[in-house]
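Here are a few exercises to work through with the coordinates open. Try each one yourself before you read the solution.

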Amino acid sequence: MEKLKGAIVVGSLKLFARLPFGVAQRVGAFVGWLMWKLPNRSREVVRTNLRHCFPELSEQEREHLVGETLINIGRSFAESACAWMWDPARTVGLIREVEGEHLLDEALASGKGVVGITSHLGNWEVLNHWYCRKCSPIIFYRPPKQKAVDELLQRQRTQLGNKVAASTREGIISVMREVRKGGAVGIPADPEPALKSGLFVPFFGVQALTSKFVPGLLKGHAARGIFLHCVRLPDHSGFKVIVEQAPEALYSEDEQEAVTALSATIGSYVRRWPSQYMWSMKRFKKRPAGEKKWY
């Protein structure tokens, strides 16, 4: 069954990549619209997350955000298919604006390891190509269940000569070594970690288990932290890359303070582009002791 699922996913990706970019986006948006209108697990996860994270919105406002989120998730899938299958130069050509690029250049020239920190906001696959053209980082990722999809992602995410590291013990060690020797890495910092690997800190006013990995790499200014995001432009014609320095609190020797700063910074981006965040993630699957499960 997993082989069949993998073959279907890979086939769908290849199909999307054959379409002109605008057409692929519109098809993806339509798939997202169907996800909104038809019963499915992703829609209910989005509704659950938004209900807890945006209590100030009316029910009608939240449902509108549910729809916009799922439509953008569909767009992200189609855009990512193009990013994986196309020549990287073609993908990078979709980036119309870059804000703060000099901050990354300064960090790369500092002689210290560089930790590129991102989240599941906008399109992280397009961002991957842009970042890998700037340097040769190790990209940390969580492998999908389907082997065929994982093999495809490993191959396509390393088109520019960089490496990838799965979220395994070996992968974690390789990322740590790269940073210690002054290299660059890229880490999506918002997936929920194992209990022993995270702390519960606020995210949109809700306690969320958040990884200690990035703060551990940066602790005491052992490396430079740079936030990287690639958001969709309002007219859907392309993307804007935003580069910002990590806040001082993220370098703190106090683990709780550093992890809280990480979560708050990611949250600040999501508040600016809430419908571009992948709210279909079970971001709050693990709850503090005594709390009822959400999903």
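**Exercise 1.** Find what phi Gly182 takes just after α9.

*Solution.* Helices and strands here are DSSP runs (H or I, at least four residues, for helices; E, at least two, for strands), numbered from the N terminus. Just past the end of α9, Gly182 takes a positive phi of about 95°. Before going on, some housekeeping: this is a predicted model, with local features needing pLDDT of at least 70 and side-chain atom pairs counting only at pLDDT 80 or more, while totals for chains, interfaces and linings use all residues. Residues are numbered from 1 along each chain as its sequence is written, and side-chain values use heavy atoms, leaving out hydrogens and water.

**Exercise 2.** Work out which residues of α9 are buried and what covers them.

*Solution.* Start with the length: α9 (residues 169-180) has 12 residues and reaches 17 Å between its first and last C-alpha, close to the 16 Å expected (1.5 Å times one less than the number of residues). Next, apply the burial cut-offs: buried is under 20% relative accessible area, exposed over 50%, partly exposed in between, with a 1.4 Å probe and protein chains only. That picks out Gly171, Val175, Glu178 and Val179 as buried. Looking down the axis, these fall within an arc of 95°, so they line one face of the helix (the arc is taken over directions from the helix axis to the C-beta atoms). On the other side, Arg169, Glu170, Arg177 and Arg180 are exposed. Finally, the cover over the buried residues includes β2 (113-118), β5 (184-188) and α10 (213-218); contact means heavy atoms within 4.5 Å.

**Exercise 3.** Decide whether Glu125 is buried or exposed, then find its partners.

*Solution.* Glu125 is found in helix α7 (residues 124-134). With a relative accessible area of 2%, Glu125 is buried. Setting aside neighbours within four places in sequence, Glu125 is in contact with Ser80, Ala83, Trp84 and Arg157. Its side chain makes a polar contact with that of Trp84 at 2.9 Å (a pair of N or O atoms within 3.5 Å; within protein, one must be able to donate a hydrogen and the other to accept it, and residues adjacent in sequence count only if both atoms are side-chain atoms).

**Exercise 4.** Find how many residues the largest nonpolar core has.

*Solution.* A nonpolar core is a set of buried Ala, Val, Leu, Ile, Met, Phe, Trp, Tyr and Cys residues joined through side-chain atoms within 4.5 Å. The largest has 45 residues, and those with the most contacts inside it include Ile117 and Val175. Helix α11 (residues 255-272) gives the largest share, five residues. A second, separate core of 35 residues includes Trp84 and Leu228.
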